[in-house]
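Here is a short tour of how the parts of this assembly meet. Have the viewer open as you read, and take the contacts one at a time.

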Amino acid sequence: MHNRFLRRFKQNRIGMSGLFIFLFLLILAIFAPVIAPYDPWDYSFGYLLPPSIDHLLGTNDIGYDLFSELLWSLRTSIFFGISVGAIASIIGLLIGVSAAISGGLYDIIVMRIADALLAIPTIMVLILIAAYFKPSTIVLIIALSLIIWQTIARGARAQTLSLKSKLHIKAARNMGASTPYIIFKHILPELFPLFAMGFVTKVRIAVFMEAGLSFLGIFDPTSKSLGIMMNYAMRYLYLDVWYNWLFPTVISLSMLIISLALMSYAIEEIFDPRLRRDNIA
Amino acid sequence: MLTLFVFRKYILSKRWVKIVTVYLMTVFILLFLNFLLPRLLPGDVIIAMYSGQEMLITDELYNELIILHGLDKPLIEQFYIYITQLAHGDLGYSYISHASTTGLIMEALPWTLLLVFSSFILSSIAGIILGVESSWRRGGRFDRSLLMFMLLIDGIPSLALGIMFLTVFSLYCGWFPTAGALTPYSDATGISYVIDVLWHLILPLGAITLSQIPGDYLLIRNSMLLTIREPFVLTARAKGIKERRIKYLHTARNAILPFFTRIGIRIVYVITGVLFIETIFAYPGLGLLTYEAISNRDLPLMQGIFTISVLLVLVVNIIVDISYKKIDPRIEYA
Amino acid sequence: MLKFKNLNVQYQISDASKASDASNKSIIALDNISLNVNKGECVSIIGESGSGKSTLALASMKLLAPNASMSGSILLDDIDISNLTDKEMENIRWNKISLVFQNYGDVLNPVHKIIDQIAEPLIKNGESRKVALDRSLEMIDLLKIKPGRSTLFPHQISAGERQRVLIAMALITDPDILVLDEPAASVDAITRLHLVKIIQQQVKAQKAVLMITHDLSFATLCSDRISVLYSGNIIESLPSAELMDSQRHPYTRALVRSFPLMERTKELAGVRGIPPSQFPEKKPKGCIFAPRCTQSIEVCLQKHPKAKLRDLNGQGEYFVVCHRGGIATMISVKNIDKSYKDIAVLKNISLTLDEGEILALVGETGSGKTTLAYLIAGTIKLDSGEIIFRTRKVGEIDKLEFSKKVGIIYQSPRDSISHRFTIFEAIAEPLKIHGLFNGGSADKIKNALREVQLPVDEFFMKKYPHELSGGELQRVAIARALILKPDLLIADESTSFLDPSVQAKILKLLLDLQNEHGISMIFITHDIGVARKVSDKIAVLYDGRIVENAPSHQLIENPQHEYTKFLIDAVRGSKIS
């Protein structure tokens with residue numbers, strides 16, 4: 001399953017273009033300190049300079065170099081996204097698998113919570129928590145992870161349940177295999193595509209949330225974020241800064257999310273071969 | 001006959017036990033976030049609430065505020081007060097606006113509902129028609145290019161879409177107003193009032209609708225691709241039924257079921273989207289109110305908006321759960 | 001009238017596991033099918049799953065999947081639908097021809113009430129809703145679906161009721177042609193009988209009915225003619241009445257043998273071998289059934305057989321596609337006599353043994369059954385008459401050559417296997433005799449032992465006969481009889497000395513091996529009870545004559561001769577007095 005999944009992904013043009021865009025942005029983010037021509041907190045340049053050789057995207061209202069700021073903001077977005085994606089999918093996987101394995105009251109309670117979380121607007125919860133505690137980024141990452149694991153848990157639970165009834169797992173049980181053995185050798189490897197799917201989807205949600213929340217002014221306004229950049233750019237739109245300030249930010253955010261959308265669509269297609277476009281039989 | 005009756009009744013009630021448990025759980029989460037969480041760390045909340053304002057919080061003031069918010073009373077009593085107020089539709093008092101939270105929300109709610117439901121209906125119709133037609137031509141050029149287009153649009157967040165719409169159509173083309181839901185001081189009535197509302201509505205509605213269509217489209221398209229392979233589609237073809245009837249009455253009618261079950265979830269997406277769109281277009285709904293609440297650190301207002309949005313989703317869920325039996329006759333046995 | 005002319009259907013499949021592999025493979029689903037279904041007649045198509053039955057049903061309405069390509073023509077009366085578009089087909093479907101789908105999964109739309117689904121074709125034809133619903137209620141009544149069911153949804157009724165809904169839906173527009181795909185698969189025995197009546201009514205009403213089924217008895221009950229489909233080819237076409245006892249193609253016989261008929265007595269046996277691959281590397285050169293056939297000869301692997309008329313006079317439309325003209329006669333015994341000194345042991349015996357057939361010779365001790373068997377095996381000479389083995393007279397075939405073709409399992413393995421031989425040597429003996437013992441023989445012997453479910457370790461193979469039980473030893477004897485791959489196996493009372501539980505096992509083994517090797521067998525026994533469980537045909541010998549010779553189930557069910565009746569009653573123990 002595992003290997004076949006990776007091979008199919010490699011053959012999927014949509015998925016691979018998504019992956020390439022993502023990797024490109026990831027490299028920009030990782031090497032932002034190297035690539036960025038200036039310190040993004042350095043406001044020693046002129047205000048609202050138009051793009052030039054020195055300042056590829058010009059400067060903002062207090063004299064930050066916009067290109068450097070953009071790279072650092074991208075870094076924030078991707079760091080936030082990947083962290084939330086990893087934590088949320090691990091939580092979801094753990095909860096889903098354990099619910100399926102243990103069953104009983106635990107299963108019922110946990111899955112009802114999962115269903116209930118679907119009805120709660122995530123963004124409002126984060127706004128509230130941010131308003132209560134002025135939390136650090138790390139706390140927000142954990143808070144977001146704690147409220148968006150539900151779809152992964154549901155998928156993991158359903159798949160584990162169906163795996164549990166498979167003969168090869170029953171056989172392993174009859175040979176005396178322990179529950180941890182079954183989970184690690186038989187169940188988790190089968191859940192890899194689901195994990196990949198969940199991870200990408202959650203990264204996408206997190207990137208969007210980070211941009212959205214900082215746009216609304218939830219985050220520390222001095223930190224670097226695509227949302228904050230957009231918010232400020234909107235205030236100076238009357239000065240025609242859309243082409244060097246607003247749109248580069250908007251497009252960067254869109255590119256990042258598009259790359260994730262492409263990957264998640266590809267994974268879904270691989271997951272269920274009946275969705276393949278070339279499969280007409 | 002009796003056993004069948006009992007059987008159905010039992011299964012039915014089992015489904016509803018599950019559904020009601022979820023409702024209760026949702027309300028519990030709401031109460032936890034609105035009531036319990038701030039009281040677990042009361043000091044922090046007071047400071048968080050007032051630190052944004054130009055005032056020095058002395059110990060004296062701090063204690064006054066604790067008493068003002070009733071945080072000195074036992075938790076049970078606080079809870080009783082909170083619930084009683086809630087039951088009377090009192091969502092609290094906004095000290096910053098010096099107004100009842102309920103009043104502020106009720107003023108904004110109609111605009112949000114207008115945006116949420118009209119965009120929900122429009123995007124559903126567009127998503128269904130495009131998804132059905134695309135899947136029917138699966139693998140063809142129309143399907144492939146529409147799919148690519150939708151995947152790209154799907155990747156553009158509502159936030160970005162709204163900003164681009166505003167910049168291009170309002171600021172640079174000047175076709176539409178940049179802010180508000182009505183032209184100020186126009187006092188238009190009748191037809192001209194409606195036109196005015198629509199004129200202000202088009203851009204925010206367009207942005208939020210466009211951002212929702214790809215999700216609906218992809219869901220319907222995938223569901224259709226699975227349904228097309230069902231034997232009853234072949235049965236319908238064999239019966240010589242006209243293609244359009246097969247497409248919509250037989251195939252799409254079944255393919256729409258997962259779409260319908262997800263209405264509750266999708267309404268959450270729409271509300272999230274509307275939050276940003278209203279902020280961008282300064283559209284006087286709950287989204288803009290939220291933005292103002294955040295800027296003013298108006299905690300009671302935020303809590304009130306949170307309550308209302310959760311209740312809104314709950315109401316939609318209840319409607320879906322009640323009417324689902326009509327949509328999918330198999331539900332009794334599911 | 002429904003007519004297929006040289007119909008070919010292929011499915012293009014892109015192998016999902018090798019997406020990079022651009023070469024698309026194709027499956028041949030139907031290979032040059034020609035078939036007529038006339039007005040007022042029902043024709044059944046029988047065959048294993050994967051033989052292309054359902055493809056034929058779908059092709060009759062041009063409902064093939066988009067990855068299917070089709071050539072040839074399909075005539076509905078005089079309209080050739082093979083080149084019509086879907087749009088043009090809309091008016092033909094369900095008006096000219098309707099189809100009763102195989103009842104699996106959601107073949108009915110789960111979200112529409114059944115009465116609406118039955119009425120839908122009428123409404124589409126422009127009938128008013130009221131008329132359409134009234135007609136639907138009539139159909140529901142005709143098919144004995146409980147009236148209250150009509151407003152339910154498909155998942156709320158039983159599988160048997162869904163099957164009847166499908167039939168009601170097909171009959172609603174009163175089409176001239178009716179195609180039914182496995183209509184009896186999901187119904188109980190009583191409903192099944194009702195369906196037979198419904199189908200017969202349709203035939204009487206001058207409809208052309210094509211029925212696809214794997215239920216052979218249902219096929220004979222409903223239809224006049226039967227075509228046997230194997231791997232996309234019709235390999236035999238025959239009148240229904242001849243299916244059970246006079247089939248001509250080895251495959252048809254194998255199908256009949258696998259089918260659990262109420263009246264049959266013999267153990268069921270599957271079709272030997274495995275069905276042909278759906279992804280053949282290339283189209284086989286020879287007969288498609290050759291690898292599984294019990295009587296394939298050189299030519300069968302070389303070229304495609306042509307259809308031969310079943311009627312020897314070259315009349316009629318029934319045919320069999322086989323190089324050998326259908327099930328061939330392996331041995332024909334013509335008017336033989338045999339006497340020892342002046343005691344006549346066999347008097348004017350005639351019988352035949354087909355390829356792959358099991359014939360039981362039943363009679364009391366001294367009836368001459370053993371003598372007959374050994375005459376056939378060529379080990380004793382006959383007085384008059386002749387025995388033909390395939391094309392040659394038994395006496396004229398070289399003895400050594402002929403003895404290779406006949407394996408014999410004797411009554412007593414203790415006597416038939418030298419006590420000086422080890423098990424290995426005993427089984428090796430025939431190979432040595434025929435000069436075939438060589439390096440590969442040890443493996444051959446081990447395989448033979450495995451086939452008879454005996455251990456293959458050195459220790460066991462070095463054992464001597466007296467160390468084995470009777471049952472084990474008989475297994476060794478079977479292994480020895482089969483080691484030369486004979487065409488004919490003679491089992492001479494070879495289980496009668498065993499106790500019943502061991503006998504049961506040995507019999508089962510013998511039957512399985514006979515089926516898998518595809519060989520003919522003469523089973524000599526005095527116990528007609530055993531004979532009925534193992535044989536296709538039974539010949540009863542009494543005082544040197546064959547008093548009765550018939551298919552086993554007929555003979556047991558309806559014995560003609562007094563002596564046969566006596567034997568059966570004796571076994572039943574009902575005439576002890």
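The notes below cover the contacts between chains, then the domains of one chain, then a single helix. Please keep in mind that this is a predicted model.

Let us begin with chains B and A. Their contact takes 53 residues from chain B and 43 residues from chain A. On the chain B side, helices that each supply at least two residues include H1 (2–40), H8 (190–227) and H13 (299–327). H13(B) gives the largest share of that side, ten residues.

Chain B also meets chain C, in a contact with 23 residues from chain C and 18 residues from chain B. On the chain C side, the elements giving two or more residues are helix H2 (86–92) and helix H3 (114–124) of chain C.

Within chain C there are two domains: domain 1 (2–96 + 175–321) and domain 2 (350–572). Their C-alpha centres lie 37 Å apart. Eleven residues from domain 1 of chain C and 16 residues from domain 2 of chain C make up the contact.

The table lists the residue classes on one side of each contact.

| Side | Nonpolar | Polar | Charged |
|---|---|---|---|
| Chain B, touching chain A | 33 residues | 14 residues | six residues |
| Chain C, touching chain B | 13 residues | five residues | five residues |
| Domain 1 of chain C, touching domain 2 of chain C | two residues | three residues | six residues |

Finally, how far apart are the end C-alpha atoms of helix H5 (residues 104–118) of chain A? They are 22 Å apart, which agrees with the 21 Å that its 15 residues should span at 1.5 Å a residue. Buried residues in H5(A) are A:Met111, A:Ala114, A:Ala116 and A:Leu117.

Key:
Residues numbered from 1 in each chain as written. Chains lettered and ligands numbered in written order. Predicted model: local features only at pLDDT ≥ 70, side-chain atom pairs only at ≥ 80, totals over all residues. Domains from an automatic or database assignment. Contact = placed C-beta atoms within 7 Å. Nonpolar A, V, L, I, M, F, W, Y, C, P; charged D, E, K, R; others polar. Helix = DSSP H or I, 4+ residues; strand = E, 2+ residues; numbered from the N terminus. Expected span 1.5 Å × (residues − 1). Buried ≥ 20, exposed ≤ 12 C-beta atoms within 10 Å, placed from the backbone.
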